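Q: I would like to go through this model label by label. For each one, please tell me how it is earned.

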Amino acid sequence: MIKIIVYYIAKNHKDLSDQLCEEFITLCNKFGAKLEFINLFCKSINLSQKQKPAEAKKSYTKEFLKTFKPNQYRIALAPSAKKLDSLEFAKILHNQGSLTFFIGGAYGLEESFIENCNMQISLSALTFSHKIAKVVLSEQIYRALCLIHNHPYHK
């Protein structure tokens with residue numbers, strides 16, 4: 001069983017993106033994968049975002065670092081990172097026990113945080129809101145599980 005946690009920074013507004021992610025969580029469960037989304041938005045992040053971008057990034061890093069666990073494979077989403085196709089992405093998930101993804105807040109992630117992760121990937125050269133990034137990532141996780149289990153969804 002693979003456990004995948006996606007940490008993200010976003011103001012709490014339930015919307016269609018949450019419903020879509022829930023659908024992919026259910027689909028991933030069929031492959032024995034536990035997919036979970038955890039929003040780390042808090043008062044200190046809210047205050048820091050009203051200051052300077054660098055302060056906001058520091059506050060994201062502070063919250064994300066609290067989640068680090070030993071033997072956890074950490075992947076930061078960053079626009080300038082490597083772009084993968086779905087087959088390459090599936091290889092990352094294959095034979096992993098625990099994966100953690102990080103989606104930064106409005107100002108992205110600190111470079112030092114990105115470098116502290118095992119891998120950095122980009123979903124696209126385009127900039128996505130956290131809502132869209134969550135949906136795209138959850139769909140790609142499901143697609144990767146389909147590829148790993150020879151399910152026809154990828155076709």
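Q: Which residue in β4 is the bridge partner of I75, and what makes β3 and β4 a strand pair?
A: The partner of I75 is F101, and A76 stands opposite F102 in the same strand, β4. Two strands pair if DSSP finds at least two bridges between them. β3 and β4 have 4 bridges, in the parallel sense, so they satisfy that rule.

Q: Before we go on, what kind of model is this, and how are its residues and atoms handled?
A: It is a predicted model, in which local features need pLDDT of at least 70 and side-chain atom pairs count only at pLDDT 80 or more, while totals for chains, interfaces and linings use all residues. Residues are numbered from 1 along each chain as its sequence is written, and side-chain values use heavy atoms, with hydrogens and water left out.

Q: What makes a stretch a helix or a strand here?
A: Both are DSSP runs numbered from the N terminus: a helix is H or I over at least four residues, and a strand is E over at least two.

Q: How do you know that β1 and β4 are paired?
A: They share 6 bridges in the parallel sense, and one example is I4, whose bridge partner in β4 is L99. The rule asks for at least two, so this pair qualifies as well.

Q: Which strands are called edge strands, and why?
A: The 5 strands form an open, parallel sheet in the order β2-β1-β4-β3-β5. β2 (33-39) and β5 (119-122) are the edges: each pairs on one side only. On average, neighbouring strands are turned by 30° against each other, direction ignored. Helix α1 (residues 16-29) packs on this sheet, touching β1 and β2, and its direction makes about 155° with that of β2. Such angles run from 0 to 180 degrees between N-to-C directions, using axes fitted to C-alpha atoms, for helices over the stretch in contact.

Q: What makes β4 mostly covered?
A: In β4, 5 of the 6 residues are buried. Buried means under 20% relative accessible area, exposed means over 50%, and partly exposed lies in between (1.4 Å probe, protein chains only).

Q: Why is S59 called buried, and what does it touch?
A: S59 lies in helix α3. Its relative accessible area is 9%, which is under the limit, so it counts as buried. Leaving aside neighbours within four places in sequence, S59 is in contact (heavy atoms within 4.5 Å) with S44, I45 and S48.

Q: What do the buried residues of α3 pack against?
A: The buried residues of α3, including A56, Y60 and F64, pack against β1 (2-8), α2 (43-49), β4 and α5 (111-115).

Q: How do you know that the span of α3 agrees with its number of residues?
A: The expected span is 1.5 Å times one less than the number of residues. For the 13 residues of α3 (residues 53-65) that gives 18 Å, and the end C-alpha atoms are 18 Å apart, so the two agree.

Q: Why is the pair of Y7 and F102 given its label?
A: The whole structure has 10 aromatic pairs. In this one the centres are 5.7 Å apart and the planes 15° apart, which is stacked. Rings of Phe, Tyr and Trp (its six-membered ring) pair if their centres lie within 6.5 Å; planes under 30 degrees apart are stacked, over 60 edge-to-face, and the rest tilted. Y7 in β1 and F102 in β4 are 95 residues apart in the chain, and both are buried.

Q: What label does the pair of F68 and F113 get, and why?
A: Their centres are also 5.7 Å apart, but the planes stand at 50°, so this pair is tilted. F68 is in the loop between α3 and β3 (73-83), and F113 is in helix α5. Ring pairs link Y7, F64, F68, F102 and F113 into a cluster.

Q: What makes R74 a charge over a ring?
A: Its charged end is 4.0 Å from the centre of the F68 ring. The rule wants NZ of Lys or CZ of Arg within 6 Å of the centre and within 35 degrees of the ring normal. K134 lies over the face of F37 at 5.9 Å.

Q: Why is N95 called exposed?
A: Its relative accessible area is 71%, over the cut-off, so the label fits. N95 is in the loop between α4 (86-93) and β4 (98-103), and it has a positive phi of about 65° although it is not a glycine.
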